[in-house]
Amino acid sequence: MEKHPIPIEISKSELFFHVCTDGLSNGIVHTSVADYRQSTIISAITAYVTGVKILCFCHMSSHSHFVIRCKTFAQARMFAIGFKRDYGRYMYLEHGMSMIYRDVNAKPKEIDDLYYLRNCISYVLMNPVVPHVVSRPEDYQWSSFNVYFGGISTDYGEVALSSLPVRQIRTALRTRHDLKQSGFVIDNQNNLLLKSFVDFESVELIFGSKTDFFRSILMTKSASEEARYVEVHLKFSDDELVSEASNIAATKFSVNQLNQLTKEQKRIIAVHLKKKTNASVNRIARILRMRSVELHFLKN
């Protein structure tokens, strides 16, 4: 198949990679708004520290996607490893969930074709639409979709980190890194503004126009790809299943977090989830961080 090289004004002697933390391997990794927010912050900080530029990202309940550019494969690998390590540390400190990315191989996949690059970006941004988490990509809060071509603004107020004391920055973003020179900007709720860390200008060059951008989004083959991670036409989203499981745990066992449950308690919750949602055994196992074989009785 003929390859279509990425134009030099876009590539500038750099490489492009797709990085994904496979949702089949690690179960639910974003359990609350705070988790999604911190995952976004850690993404930006890891990219800054490793010298990587994030072209687009999307954080789903069970996995995260990135399209990045940098000068070497080693940099891309450092980004993948750093993100897994730092977000894993956050989840352990915040929720007591250890080694959430232990079995995840997030090896960067190089993108060396313009059509492939466009489709990969489109695929990442369409992730929340295919499993019906939202009906339009611009409605999803935890992706970079709204930063391109003057998209819908979700930012409130602007404060450059360069104007803040180092201690305040570290407290606001829960980091030990010195970000005074990062160019990052936050809003009045300490959320990172997308335009301060997402390389939206390169994405706009890659697609050329807003019309071509939306055309590519609509034509992406993400439906067939996303089938690897979630079932299409779900009645309940992963977030809703987590919420329901947490409610059952609180009511029946006075336990506030799913990771505090015993295996027997999880099996009891699995029965209730199956009756109420008719979710697949594999999804319920993933929600409860169990192996599907441990819930074999649900198939009877």
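In this predicted model, V19 stands opposite F66 of strand β3, and this facing pair is a convenient place to begin a description of the strands and then of the aromatic residues and helices.

**Strand β1 and its partners**

Strand β1, which covers residues 15-20, is mostly covered, since 5 of its 6 residues are buried. With strand β3 (residues 64-70), β1 pairs in the antiparallel sense, and the pairing extends over 6 bridges. Strand β1 also runs antiparallel to strand β4 (residues 109-111), to which 3 bridges join it, and in that pairing F16 stands opposite I111 of β4.

**Aromatic residues**

F66, the residue of β3 that stands opposite V19, also belongs to one aromatic cluster together with F79, F83, Y87, Y90 and Y101. Across the whole structure, a search finds 17 aromatic pairs. Two of these pairs, both of which include F213, are set out below.

| Pair | Centre to centre | Angle between planes | Geometry |
|---|---|---|---|
| F145 and F213 | 5.6 Å | 35 degrees | tilted |
| F207 and F213 | 5.2 Å | 80 degrees | edge-to-face |

The pair of F145 and F213 links distant parts of the chain, as F145 lies in the loop between α5 (114-125) and β5 (159-160), whereas F213 lies in helix α8 (residues 210-219), and the two residues are 68 residues apart. Why does F145 count as buried? F145 counts as buried because its relative accessibility is 4%, which is under the 20% limit used for that term. F213 is likewise buried, with a relative accessible area of 1%. The rings of F207 and F213 form an edge-to-face pair because their planes stand at 80 degrees, and angles over 60 degrees are given that name. Both F207 and F213 are buried.

**Packing of helices α5 and α7**

Residue F207 also takes part in the contact between helices α5 and α7. Helix α5 and helix α7 (residues 200-207) pack with their axes 10 Å apart and at an angle of about 125 degrees, and therefore α5 is oblique to α7. The crossing of these two helices, α5 and α7, is left-handed. On the side of α5 the contact is made by L114, L117, R118, I121 and S122, while on the side of α7 it is made by V203, I206 and F207. F207 thus appears twice in this account, as a contact residue of α7 and as the edge-to-face partner of F213.

Note on methods:
Residues numbered from 1 in each chain as written. Predicted model: local features only at pLDDT ≥ 70, side-chain atom pairs only at ≥ 80, totals over all residues. Heavy atoms only, no water. Buried < 20%, exposed > 50% of the residue type's maximum accessible area, 1.4 Å probe, protein only. Helix = DSSP H or I, 4+ residues; strand = E, 2+ residues; numbered from the N terminus. Pairing = 2+ DSSP bridges. Phe/Tyr/Trp six-rings, centres within 6.5 Å; stacked < 30°, edge-to-face > 60°. Axes fitted to C-alpha atoms, helices over the stretch in contact; angles between N-to-C directions. Parallel < 35°, antiparallel > 145°, perpendicular 65-115°, else oblique. Left-handed = near helix turned anticlockwise from the far one by under 90°. Contact = heavy atoms within 4.5 Å.
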